[in-house]
Amino acid sequence: NIGERFTSAIRRDLQNANDIEITEWSARFTTDVIGNIAFGMDCNCIENPKTDIRKYAKNLFRIDTPLQAVKFFFTNSFPNLSRRMGLMMNPKDSADFFLRIFNDTIKHREENKVERNDFIKLLLQLKESGLLTANEMAAESFVFYFGGYHTTASLVNFILYELALNRQIQTKLREEIDEVLNKG
């Protein structure tokens, strides 16, 4: 569904312009996909790039000053000491936002008996077996989002760039996709 919305939105965007900012589109697509998997929610960034999740996610990756760079390095290198000192790698408002949406998703699923085959289901199974606490589940979900977002968005950019440059690869990929879809 997300892929289809992505394709439709880009087609619509191309009707209004000769070119598009693919880096922004990749980020919106990736936010929708990873947000769906990590938090079980429809982020709707493809249709609305100004959603809260995009705003708070951008803060996670922002290092504007040398002090922020030192803090990022320090908290990554010395996590136990950083915790004792009350230093957080991520901005508090972003961390609070992601914790809240995760907790809201868990509460909704447990109250409404929602079943989905996704990352949150695995986390809930680990919680039920006593292997994870609620905070550890939220942390795992956040790490999944944080670790997957930038890498996936960058990979999508590189793939689209290579496909744009190489018509032969484009054709081969299309043939392989058609072949797989025709088998199903």
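What is the relative accessible area of K127, and is K127 buried or partly exposed? The legend to view 4 answers this.

This is a predicted model, in which local features need pLDDT of at least 70, side-chain atom pairs count only at pLDDT 80 or more, and totals for chains, interfaces and linings use all residues. Residues are numbered from 1 along each chain as its sequence is written, and side-chain values use heavy atoms, with hydrogens and water left out.

**View 1. The largest nonpolar core, centred on F98 and its contacts**. This core has 25 residues. A nonpolar core is a set of buried Ala, Val, Leu, Ile, Met, Phe, Trp, Tyr and Cys residues joined through side-chain atoms within 4.5 Å. Buried means under 20% relative accessible area, exposed over 50%, and partly exposed in between (1.4 Å probe, protein chains only). The residues with the most contacts inside the core are F39, I53, F98, F102, M137 and Y145. Two or more residues come from each of helix 2 (22–39), helix 3 (52–60), helix 6 (92–112), helix 7 (119–128) and helix 8 (134–165). Helices (H or I, at least four residues) are DSSP runs, numbered from the N terminus. Leaving out residues up to four places away in sequence, F98 touches F39, I53, Y56, A57, L60, F142 and Y145. Contact means heavy atoms within 4.5 Å. In soluble globular proteins, nonpolar side chains tend to be buried together.

**View 2. A second core**. Seven residues make up this core, which lies apart from the one in view 1. Among them are I2, F6, W25 and F29.

**View 3. The salt bridge between R54 and E24**. A salt bridge is a side-chain nitrogen of Lys or Arg within 4 Å of a carboxyl oxygen of Asp or Glu. The count by this rule is eleven. For R54 and E24, the N to O distance is 2.9 Å. R54 sits in helix 3 and E24 in helix 2, so the bridge ties together parts that are 30 residues apart in sequence. R54 is buried, at 2% relative accessibility. E24 is partly exposed, at 25%.

**View 4. The salt bridge between E110 and K127**. Their side chains meet at 3.3 Å, N to O. The pair links distant parts of the chain, with E110 in helix 6 and K127 in helix 7, 17 residues apart. K127 is partly exposed, with a relative accessible area of 31%. E110 is also partly exposed, at 39%.

**View 5. The R109 and D118 pair, and a salt-bridge network**. The closest N and O atoms of R109 and D118 are 2.5 Å apart. Both residues are buried. Elsewhere, salt bridges link R5, D32 and D42 in a network.

**View 6. C43 and C45, without a disulfide**. A disulfide is a pair of cysteine sulfur atoms within 2.5 Å. The whole structure has zero disulfides. The closest cysteine sulfur to that of C43 is in C45, 5.2 Å away, which is too far for a bond. C43 is buried at 5% relative accessibility, and C45 is buried at 0%.

**View 7. A nonpolar surface patch**. F78, L81, M85 and L87 form this patch of about 350 Å². Patches are made of residues with over 30% relative accessible area and no salt bridge; nonpolar side chains (Val, Leu, Ile, Met, Phe, Trp, Tyr) are joined within 5 Å, and like charges within 9 Å. Accessible areas come from the Shrake-Rupley method with a 1.4 Å probe; for residues, only the protein chains shown count as cover. L81 belongs to helix 5 (residues 79–85). L81 is partly exposed, at 38%.
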